[in-house]
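Please take a look at the model below. The report that follows covers the ligand site, the chain interface, some backbone features and a few single residues.

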Amino acid sequence: MTEVARPQTAQATAAVLAQAAAGGRSVRIVGGGTKQAWGAAASEPAVTLETGRLDRILEHNAGDLTAVLEAGVPLARAQAAFASTGQMLALDPPLGDDQAATIGGVIATADSGPLRHRYGGPRDLVIGITVALSDGTVARAGGKVIKNVAGYDLAKLFTGSFGTLGAIVSVNVRLHPRPHASATASGASADPALLATAARALAAAPLELEALDVAWRDGWGALLARAGGARPEHQARRAAALLREEGLERVDVTSEDAPLWERQRAGQRSPGRALVRVATTPSALAEVLRAAGDCGAAVVGRAALGTSYVELDPDAVAALRERLPNVRAAVLLDGPVALRRAQDPWEAPEGPALELMRRVKRSFDPAGTCNPGSFVGGI
Amino acid sequence: MENGAALISRLRAICGAEHVLTHPDALAPYRSDGLAHYRQTPLAAVLPATGEQVREVVRACFMAGVPWVARGSGTGLSGGALPIAEGVLIVLARLRRILAVRLDDARVVVEPGVTNLAISRAVAPTHFYPPDPSSQVVCSIGGNIAENSGGAHCFKYGFTTNYVAGLEVVLSDGTVVELHRDAPGYDLLGTFVGSEGTLGVATKIELRVVPVPETVRTALAFFEDTGAAGEAVTAIVSAGIVPAAIEMMDRLSIRATEQATGAGYRLDAGAALIVELDGPEEECAARFEHVRALCRDAGGRDIRVASSESERALIWKARKAAFAAMGRVAPAYFVQDGVIPRTRLPEVLRRIDELAAEHGLQVANVFHAGDGNLHPLICYDAANPGEPERAEELANLILRACLDQGGSITGEHGVGVDKKSQMPAMFSEQDLDGFHRLRCAFDPHGLANPGKVMPTPRLCGEVPGPYREHPLERAGVAARL
Ligand SMILES: Cc1cc2nc3c(=O)[nH]c(=O)nc-3n(C[C@H](O)[C@H](O)[C@H](O)COP(=O)(O)OP(=O)(O)OC[C@H]3O[C@@H](n4cnc5c(N)ncnc54)[C@H](O)[C@@H]3O)c2cc1C
C-alpha cells in the first residue's frame, strides 16, 4: 500500500522525504497528476508526496513583473491572478483534465507551449527556487529579481529534473505583459520542404512573433504565426505576405485566433496513443515531418526551435526513432506502460554527460529516494 | 616545489615552452583581473591553442593534484580569474576561432577566447548576438558564459544564459562532456552558465543569434530627480512596453560623463533616462510615441530623439563612458553591482544618499533601470587616511540595502573572491550546502577555481579517483569531512 503525504510547508515536505530516506522507502512526487505517465515506468513508490496543499500564491509583485508560487498552485489559477493586472507567466503548456496541472509539475517536467518561441521555456522564466531535499533540508537558489548571478543556478538544475533531485516547494517567476490583442497568419501545404523554408523565412524576418508553429496531419501541413504587441494585425499581414511569397496555400489572417492555438496545444498530448518529443536543429523540420508522415503520425511543433511533438500509434514509435537517427533527442513522453517498459523513453546515450548526471543525482539524493527509476539512464 | 617543476615540464610538452610562462615579469599581466586590488602570482600561466590542449593541461593538473583557474580576457570585476599562488592559470586567449556560422539555424559555434563583439560581427549584417556587456570589445565569450554576463539590452533580450545552446566542457579530471540545451536529462548546460569557472572550462560554445531589428529608436529625457525618472520607467513598463534598453544616470554621473564626452547632456538635470525601442517599424513607431508621452507625464523635460545613427551613438557614448568618466570627479572609486526589485528604486536611492552622507563620501549612480541593476560608483581619495576603508564599508552597506528590499548582491559581475563573504547575507547555510552539492558533483577534488564563490573553503565527502591531499588541506585551511 502506498502511503500518501500532503505536507503544507517546505519543512514538512523535507521531513516527508527525510523519513522515507531513513526508512529506505521511495517517494513519488505528484502535483496535479496530469503527467504521471511521463518518463520511464517506475515501480510503485512506497510514499506518494502530493503538493496539493502547497497551494498559495505567495507574492505577485505586479510593478516588478515577478511572482512567487508554491508548487501546488494550479497554473490556470496563477494565470487568472496575473491576467487581472494585464500580465502573464509566458508559459502555455496544455494543462490536462480540469486544468489540473500545477506550476511545480510544469517546472519539474520543463513543459511548455507555443509561447516558448518568444519567451523561452520554463528554465528561462524561473528566477528562483526553493526545494526540499531527502536529507530533510530546505534550500533556496536564485532570487526574486529578474537579474541575479549570485550562487549557482539550481533553479535550472531542478527545472526538468522530473522530481529526481528533491521536491520543488516554490518557484519565483518572471512575468510579462499580456498582449492586448493578437492576430495569426496561417498558410498550408502538402510539401514538408515548402513548410520548412517558409518557417525559416519567418524566423529570419524582423517580425516579433509571439509564436511560430507547424502542424502536420494526414499528408497536409500548416504554419501558424502569431503576433501580439501594439499592431498585431499589421505584423500578421506581413507574415501572411511572406507565407504567400514562399508558396504556401490558403493563406489567411485572423484575430479570432484562440481556437487555432488551443488546437496546437492539444496536439502536445496523446489520449490513448503515444507521444514523442523530437528535438532537432530548426533546419531539419522537413525531415521530421516526412518521417512522421511515413509513420502515420500527426505533428505539432515550434517551427523555429526544432521542437516537434509527434503523436502516433504505440507500435510505430520504434520505426519513428529509427527514421530519425541524428536528432538531438526523441523522448517518448507519453504512452502505454508496456511500451515505456519495452523502450527507454529517454534514449540518453551512455557517456560522460550521463555519468555526470548520475553524480549530480547522488550528490542531491544519495539514497535514491526521489522518483527513482523514472529519469534518464535509470536515475 | 618538485611536483611543480614536473608539472611545468609536462605543460611545456603539451603547449610548447613559449606558451608556458613562469617568470614573474611574464606573469605580471596575469596577476589580477579587472579588480586590480586583488593580486596573486600563479605557479605558471599556460596559453593552450586548442580545446585538446586545454584538456591535456587540465588532466596534467589533475594528475599532479594542482588547482587551476581559467582566464578569458581578464576583464572580470569580482576577482573570478584571480590566480592561485600554487596553481596554474589557464589563459584561453589563443582559442579565438569562429568554428561555424549557421544562419539557417541562427547558430554560431565558437572557441571560448573569441570576444563578445566578434560574435555579432561574424553574423552581421542580418543577425546579432544580444547580450552586450560594456566590455564587449575585449571580454571573451568564455568569460561571459562563466559570469552569465548582461548588458544594456538584456531587459528585452535576456542574458547570456538565454543564448547558450551547447557547450563542450572539460571537467577537472580531464573528462570532456558535451552539454546541449535539448538533450534529455538534467539541464547541466543552464547550471554551468554563471558558475564562474568553478565547474570546468568551456572549450567550445554554441550560441543562438537573432535577426537584426528593422528599426531602432532612441530617446534621451532629462528629469528633475531620479524619483521622477523612476516613475517614468515604471509607467513605461506598466504600459506593457518592453524597451530594448532603459538606462538611468543621476546628477553626479551626468556631470562626470558630460565633462568626459561633451555629449550634450544637461548639467542642470537630476537624472537622465535613455530609452531605446527596437523591432518592426510600425510597432516601434506606435510604442515610441507612447513612451514620449509617458516621459512627459512623469515630468520629463527636454526629451530628445536621435534622428541619425551618429546622434544615437552620441547618446550612448555618455552612458558607456560612465565608469571611466568618474575619474574626472574623483581620484578613485569602487563600482558596486547590486540588484533591487525595480519598484524599490526610490527607497534604495534614499538609503544610498543617507549612507553616503553618513560616510562623508560621494556616490554616483548608473542603472540598468529596466531590470533593477544598480551600479553605484563610490568615490574616494586614497590620500585621505581611512577613506578607502570607509568607501569599502559604504559599498558593502549598499548591498545590504539591496538585500533588505529583496534584491541580490550581484546582477552581472559575479561573486568571485570579492563578494564571497557577502554570500551568507543572501543565502542560508542550507542554501550554500545546496550549491556545494552541485560543485562536488562536477569537481569532487576541488581543483577548479577553488576559493571563489563559496564563503568558506569546503571539501567534498565522496571523492572518486586517486586520492590526493588537497592544497587547502596541505595549508591546514580546510579538512575533508
Ligand atoms: C569596463 C568594464 C565594463 C564592464 N561591463 C560589463 C557589463 O556591462 N555587463 C557585465 O555583465 N559585465 C561587465 N564587465 C565585467 C566583465 O567584462 C564580464 O564579467 C566578462 O564576462 C568577463 O569576461 P573575461 O573574458 O574578461 O573573463 P575573465 O575576467 O578572464 O574571467 C571571468 C571568470 O570567468 C572564468 N572563465 C573565463 N573563461 C572561462 C571558460 N572558457 N570556461 C570556464 N570559465 C571561464 C574565470 O575563471 C573567471 O572566474 C565589465 C568589465 C569592465 C572592465
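A polar contact is a pair of N or O atoms within 3.5 Å; within protein, one atom must be able to donate a hydrogen and the other to accept it. The side chains of Glu50(A) and Arg6(A) form such a contact, at 3.0 Å. Keep in mind that this is a predicted model.

**Glu50 of chain A**

Glu50(A) belongs to strand E3 of chain A, which covers residues 47-50. Its relative accessible area is 25%, so Glu50(A) counts as partly exposed. Beyond its sequence neighbours up to four places away, Glu50(A) touches Val4(A), Ala5(A), Arg6(A), Pro7(A) and Val30(A). Gly128(A) is 78 residues from Glu50(A) in sequence, and their C-alpha atoms are 22 Å apart in space.

**The ligand site**

The ligand is surrounded by 32 residues. Those that come nearest are Ala70(B), Gly72(B), Thr75(B), Ser135(B) and Ser140(B). By class, the shell holds 10 nonpolar, 18 polar and 4 charged residues.

Three polar pairings with chain B are listed here.

| Ligand atom | Partner in chain B | Distance |
|---|---|---|
| Oxygen | Gly74(B), polar backbone atom | 2.8 Å |
| Oxygen | Ser135(B), side-chain N or O atom | 2.6 Å |
| Nitrogen | Glu412(B), side-chain N or O atom | 3.3 Å |

On its own, the ligand exposes 980 Å². The protein buries 92% of that area. Strand E3 (68-71), helix H5 (141-147) and strand E10 (201-208) of chain B are the elements that give two or more residues to the shell. Which of them gives the most to the shell around the ligand? H5(B) does, with 5 residues.

**Where the chains meet**

How many residues of chain A are in contact with chain B? The count is 72, and they meet 83 residues of chain B. The two chains bury about 6400 Å² between them. Carbon and sulfur atoms carry 57% of that area. Lys147(A), Val149(A) and Tyr152(A) supply 15% of the area that chain A buries against chain B, more than any other three residues.

Take Val149(A) from that trio. Val149(A) sits in the loop between strand E8 (138-142) and helix H6 (154-158) of chain A. Is Val149(A) buried or exposed? Val149(A) is buried, because its relative accessible area is 7% and buried means under 20%. Apart from neighbours within four places in sequence, Val149(A) contacts Glu147(B), Asn148(B), Glu196(B), Thr410(B), Gly411(B), Glu412(B), His413(B), Gly414(B) and Val415(B). Glu412(B) also appears at the ligand, where an N or O atom of its side chain lies 3.3 Å from a ligand nitrogen. Within chain A, Val149(A) and Ser308(A) are 159 residues apart along the chain, with 32 Å between their C-alpha atoms.

**Backbone features**

Most residues other than glycine have a negative phi, and most peptide bonds are trans. The following residues depart from that pattern.

Leu65(A) has a positive phi, near 55°, and is not a glycine. Leu65(A) lies in the loop between strand E4 (57-61) and strand E5 (66-70) of chain A. With a relative accessible area of 9%, Leu65(A) is buried.

Asn449(B) also has a positive phi, about 45°, without being a glycine. Asn449(B) is in the loop between helix H16 (429-442) and helix H17 (471-474) of chain B. Its relative accessible area is 2%, so Asn449(B) counts as buried.

The peptide bond that joins Ala124(B) and Pro125(B) is cis, with omega about 0°. Pro125(B) lies in the loop between helix H4 (116-123) and strand E7 (127-128) of chain B.

**Two further buried residues**

Leu459(B) lies in the loop between H16 and H17 of chain B. Leu459(B) is buried, with a relative accessible area of 11%. Leu459(B) and Val329(B) are 130 residues apart along the chain, and 45 Å separates their C-alpha atoms.

Thr130(A) is part of strand E7 of chain A, residues 126-132. Thr130(A) counts as buried because its relative accessibility is 13%. Neighbours within four places in sequence aside, Thr130(A) is in contact with Val138(A), Ala139(A), Arg140(A), Ala167(A), Ile168(A), Val169(A) and Ser170(A).

Note on methods: Residues numbered from 1 in each chain as written. Chains lettered and ligands numbered in written order. Predicted model: local features only at pLDDT ≥ 70, side-chain atom pairs only at ≥ 80, totals over all residues. Heavy atoms only, no water. Near = heavy atom within 4 Å. Areas by Shrake-Rupley, 256 points an atom, 1.4 Å probe, with all protein chains shown as cover. Helix = DSSP H or I, 4+ residues; strand = E, 2+ residues; numbered from the N terminus. Nonpolar A, V, L, I, M, F, W, Y, C, P; charged D, E, K, R; others polar. Buried < 20%, exposed > 50% of the residue type's maximum accessible area, 1.4 Å probe, protein only. Contact = heavy atoms within 4.5 Å. Buried area = accessible area lost by both parts, 1.4 Å probe.
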